[in-house]
Amino acid sequence: MSIKGRGVQSIEVGGRILIVLGSEARPMMLRDLALRAKLTPAQAHAYLLSLRRLELVEQDEVGRYRVGPFALTLGMARMWGSDPLKLAMQRLSQLAEDTGMMATILVFGTRGPTVVYVEEGANQIQVNVRAGTLYSLMGTASGRVFAAYLADSVARERIKAEIAEGPSQFMVGTPASLRAFGASNKKVRAAGYATTEGVPIPGINAVSAPVFDSAGRMQLAITLIGPAGAMSVEDESPFVAATVAFCAKLSADLGYDPKRLPGGEGAA
């Protein structure tokens, strides 16, 4: 979208820095960041000082820069303004209460499936899942759901980026090859959900299902997480049924009706 009129150049330059940081999976050194933002290191340093004061950028112990906590707050504020997310957040506590498991909401962000909201269940588990946690597209149940309903080109580019980046402490799940992409998508679309057992975290199971809007577009994923000994994820599992039913009701309330979409039943 083109926005005409006179703007504030310094804000736009600072925005370039944030765009570069937001597109990177790892913290960046000053020289690399400056190069990507088309600035000299001295210019970039001055902007970074102001951005750090606003907590839009932070610096780690070895001097590398990454997106700061206030940037996440802004991103969350933007997502909270969307109706699908509002509705899911209002209801998620019921799913966590009914199942006793951790329930999470994920959206597809610039770096892949991203947790935006977490409801703890009565069955406490020791996993570091919080708002901002990134998931691998093919290495997690949540990621496989997104992969199945994203545009094919978008999913493939994200998978290639994960492979290029390699395993990371900033992402849950191990990157997988494109060879598994087609078979996984077919299985997820046929079932309407994806599961994992003991991976990527040993002893932890997960089931994830999509939420669609009135146009049949996937808006977010709901993922239930619990200890393997307490949460089964077989086809007949009540936890799978609860997650799928929750997402189906949420989708219906957002106006989703697959029978009215091109292709009819299951068109999404």
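Which residue is the bridge partner of V211 in β9? The points below take up that question first and then move outward from the strand; the model is a predicted one.

1. The partner of V211 in β9 is L220. That bridge belongs to the pairing of strand β8 (residues 204-212) with β9, which is antiparallel and runs over 9 bridges. The two strands form a hairpin with 5 residues between them, and within this hairpin G216 takes a positive phi near 80°.

2. Strand β9 also pairs with strand β3 (residues 102-109), again in the antiparallel sense, over 5 bridges. Here T104 stands opposite T223 in β9.

3. Of the 10 residues of strand β9 (residues 218-227), 9 are buried, so the strand is largely enclosed by the rest of the structure. In a regular strand, side chains alternate between the two faces of the sheet.

4. T99 is placed in helix α5 (residues 83-99). Its relative accessible area is 13%, which is under the 20% limit, so T99 counts as buried. Leaving aside neighbours within four places in sequence, T99 is in contact with L224, F239 and A242. A polar atom of the T99 side chain also lies 3.3 Å from the backbone nitrogen of M101.

5. Helix α9 (238-253) has the span expected of it. At 1.5 Å a residue its 16 residues should cover 22 Å, and the C-alpha atoms at its ends are 22 Å apart, which agrees. At the start of α9, a side-chain oxygen of S237 comes to within 3.1 Å of the backbone nitrogen of F239. Just after the helix, G255 takes a positive phi of about 95°.

6. The buried residues of α9 include F239, V240, T243, F246, C247, L250 and S251. These cover an arc of only 135° around the axis, which puts them on the same side of α9. An α-helix has 3.6 residues a turn, so residues three or four places apart point the same way. The cover over the buried residues of α9 includes α5, β7 (194-197), β8 and β9.

7. The structure holds 3 aromatic pairs. One of them joins Y149 and F212 in an edge-to-face arrangement, with 5.1 Å centre to centre and 80° between the planes. Y149 lies in helix α6 (residues 141-149) and F212 in strand β8, so this pair ties together parts that are 63 residues apart in sequence. Y149 and F212 are both buried.

8. F212 also pairs with Y256; this pair is tilted, at 4.9 Å centre to centre and with 35° between the planes. Because F212 is in strand β8 and Y256 in the segment after α9, the pair ties together parts that are 44 residues apart in sequence. Y256 is buried, as is F212. Ring pairs thus link Y149, F212 and Y256 into a cluster.

9. A separate point concerns S50, found in helix α3 (residues 41-53). Is S50 buried, partly exposed or exposed? Its relative accessible area is 41%, which falls between the limits of 20% and 50%, so S50 is partly exposed. The C-alpha atoms of S50 and V8 are separated by 15 Å, with the two residues 42 apart along the chain.

How values were computed. Residues are numbered from 1 along each chain as its sequence is written. This is a predicted model: local features need pLDDT of at least 70, side-chain atom pairs count only at pLDDT 80 or more; totals for chains, interfaces and linings use all residues. Side-chain values use heavy atoms; hydrogens and water are left out. Helices (H or I, at least four residues) and strands (E, at least two) are DSSP runs, numbered from the N terminus. Buried means under 20% relative accessible area, exposed over 50%, partly exposed in between (1.4 Å probe, protein chains only). A polar contact is a pair of N or O atoms within 3.5 Å; within protein, one must be able to donate a hydrogen and the other to accept it, and residues adjacent in sequence count only if both atoms are side-chain atoms. Contact means heavy atoms within 4.5 Å. Two strands pair if DSSP finds at least two bridges between them. Rings of Phe, Tyr and Trp (its six-membered ring) pair if their centres lie within 6.5 Å; planes under 30 degrees apart count as stacked, over 60 as edge-to-face and the rest as tilted. The expected span of a helix is 1.5 Å times one less than its number of residues. The arc is that of the directions from the helix axis to the C-beta atoms.
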